[in-house]
Every structure is written in C-alpha cells, then in structure tokens.
Amino acid sequence: MADNEKCVFCMIASKRIPSNPVYEDEAFIAVLDINPASKGHCLLIPKAHYNSLYEAPQNVYLQMMSLARAIGYALLISQGATNVDLIYTQELIKGNVTPHSIIHIIPRYKDDTINYTWQPNKLTKEELEAIANEIKSAIEKVKEGEKPVEQPPQQKQAPPPPEEKPIQLDVKPVVF
Ligand SMILES: [Zn+2]
C-alpha cells in the first residue's frame, strides 16, 4: 500500500525500515518513536502516503483519530501516563523533504521534560473579531467542499479508503 519509495514512513509501514510496532492493521501501523519525547511516545502512520491531513479521505482521518485515542488510552493504562498529547505533523525529521501525514501520540508524566512554549500575543477585541470572521467564513467554504489546499500536480491517486474496522485492543471499553 505504501507508495512513496523515498519516504521514511512508507518504509516503516512496509517494514523496509525495522521498527517496534505497537499496533497494526491493513491501513495503519503505530510504532514507538526511536527518539521519544517521553516513555511510550508512539507514531501513528497511515500505510498510504498522504502528504497532508487534507489529502486523507474523511473516513481515513476519522479512523486515524479513533485509533489515536485508543492507543492513547493504552498508554495511560500501560505506562502510567497522566495525560496524552496528540500532535499532528506532516513532516517529522528536519530536512526530510517527503512529508507523510502522521500523528504523534505522546504520553505525559508528572516529571517529563516536555515543554511547549510560545509568547502570548495581545490582540484587541476588533482584531479577535476580524480573525474569528475570517476563520468562520473559511469553515463555510470548507463545508461547501472547497479544497483547502491545492493538490500537487504530480501527486499519485490515493488508494481507496480502508473499510471501517472495529479497533481491537485488549482494553476495557471506556466512555469518553
Ligand atoms: Zn510516505
């Protein structure tokens, strides 16, 4: 299913690069990050190469989020994490020119060293309203089916989306 010869995540998905999988089905593989931000840091990788979140069909995206939640819960109960951060990225390794839509699943612990920082900006009420209006109008366009991102011309046809499959992780069902 992997379709990009030069992409490190396609190579992981097709086992051309060895990894430590924690979950695998026909459409996805989740592996331990070899440079983890914290103990149990996983990468959820669609086996099909999507350059971005916006290329993946809706049902693939929903399945990915559902799996990320299940794996996150598995991290809570198996690793003693207190929380789990989900980070979406198109490009993991600096200098890697081939993006592949993946989700980082990062367990958080009381004593971890993860620190997301930014300088909080001060905006006026008018500025906030203007930004909110821009986003609201963009959401309407997206809902109407306008593609938010131009597709690259050389992009290969994405394979058909996988069939809906219940997640089979050996954990108690949980209501979120
Ligand atoms: Zn890829």
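Start with the whole chain in view: among contacts between residues at least 6 apart in sequence, 58% join residues at least 24 apart. The model is a predicted one. Buried residues make up 35% of the 176 residues in the protein. Colour by secondary structure to find three helices and five strands. Read from the N terminus, the order of elements is α-β-β-β-α-β-β-α.

**Stop 1: the zinc ion**

Select the zinc ion and display the side chains around it. Which protein atoms act as its donors? They are SG of Cys-7, SG of Cys-10, ND1 of His-49 and ND1 of His-100, at 2.0 to 2.3 Å from the ion. The angles among the four donor atoms run from 102 to 118°, and the site is tetrahedral. For comparison, the ideal angle for four tetrahedral donors is 109.5 degrees.

Along the chain, the donors are spaced as C-x2-C-x38-H-x50-H. Within this set, Cys-10 and His-49 link distant parts of the chain, being 39 residues apart. Cys-10 belongs to helix 1 (residues 8-13), while His-49 is in the loop between strand 3 (42-46) and helix 2 (58-79).

Now colour these two residues by accessibility. Is Cys-10 buried or exposed? Cys-10 counts as buried because its relative accessibility is 0%, against a cut-off of under 20%. His-49 is at 7%, so it counts as buried too.

**Stop 2: Asn-51, beside a zinc donor**

Stay in the loop between strand 3 and helix 2 and select Asn-51, which is found there. Its side chain has a polar contact of 3.0 Å with the side chain of His-49, the residue that supplies an ND1 donor to the zinc ion. Turn next to Glu-55: the side chains of Asn-51 and Glu-55 are joined by a polar contact of 3.1 Å.

**Stop 3: the cysteines**

Select the cysteine sulfur atoms. How many disulfides does the structure hold? The count is zero. A disulfide is a covalent bond between the sulfur atoms of two cysteines. Cys-7 and Cys-10 appear among the zinc donors through their SG atoms. Cys-42 has a relative accessible area of 1%, so it is buried.

**Stop 4: strands 1, 2 and 3**

Select residues 28-32, which form strand 2. Four of its five residues are buried, so strand 2 is largely enclosed by the rest of the structure.

Add strand 1 (residues 21-24), which pairs with strand 2 in the antiparallel sense over three bridges. The two strands form a hairpin with three residues between them. Add strand 3 as well: five bridges join it to strand 2, and this pair also runs antiparallel.

Ala-30 in strand 2 is a useful point to centre on. Tyr-23 stands opposite Ala-30, and on the strand 3 side the bridge partner of Ala-30 is Leu-44. When viewing the side chains here, recall that in a regular strand they alternate between the two faces of the sheet.

**Stop 5: Val-84 and its neighbours**

Move to strand 4 (residues 83-89) and select Val-84. Why does Val-84 count as buried? Its relative accessible area is 18%, and buried means under 20%.

Draw a distance from the C-alpha atom of Val-84 to that of Ile-105: the separation is 6.7 Å, although the residues are 21 apart along the chain. Then select the residues that Val-84 touches, leaving out those up to four places away in sequence. They are Gly-72, Leu-75, Leu-76, Ile-105, Ile-106, Pro-107 and Arg-108.

**Stop 6: His-104**

Select strand 5 (residues 102-108) and pick out His-104. With a relative accessible area of 8%, His-104 is buried. Which side chain makes a polar contact with that of His-104? The partner is the side chain of His-41, at 2.9 Å.

**Stop 7: Lys-15**

Finish in the loop between helix 1 and strand 1, where Lys-15 is placed. Its phi is near 70°, a positive value in a residue other than glycine. Most residues other than glycine have a negative phi. Lys-15 is at 46% relative accessibility, so it counts as partly exposed.

Definitions and conventions:
Residues are numbered from 1 along each chain as its sequence is written. This is a predicted model: local features need pLDDT of at least 70, side-chain atom pairs count only at pLDDT 80 or more; totals for chains, interfaces and linings use all residues. Side-chain values use heavy atoms; hydrogens and water are left out. Buried means under 20% relative accessible area, exposed over 50%, partly exposed in between (1.4 Å probe, protein chains only). A polar contact is a pair of N or O atoms within 3.5 Å; within protein, one must be able to donate a hydrogen and the other to accept it, and residues adjacent in sequence count only if both atoms are side-chain atoms. A disulfide is a pair of cysteine sulfur atoms within 2.5 Å. Contact means heavy atoms within 4.5 Å. Donors are N, O and S atoms within 2.8 Å of the metal (3.2 Å for Na, K and Ca); water is not among the atoms, so sites may look incomplete. Four donors count as tetrahedral if all angles lie between 85 and 135 degrees; four count as square planar and six as octahedral if opposite donors are over 155 degrees apart and all others between 65 and 115; anything else is irregular. Two strands pair if DSSP finds at least two bridges between them.
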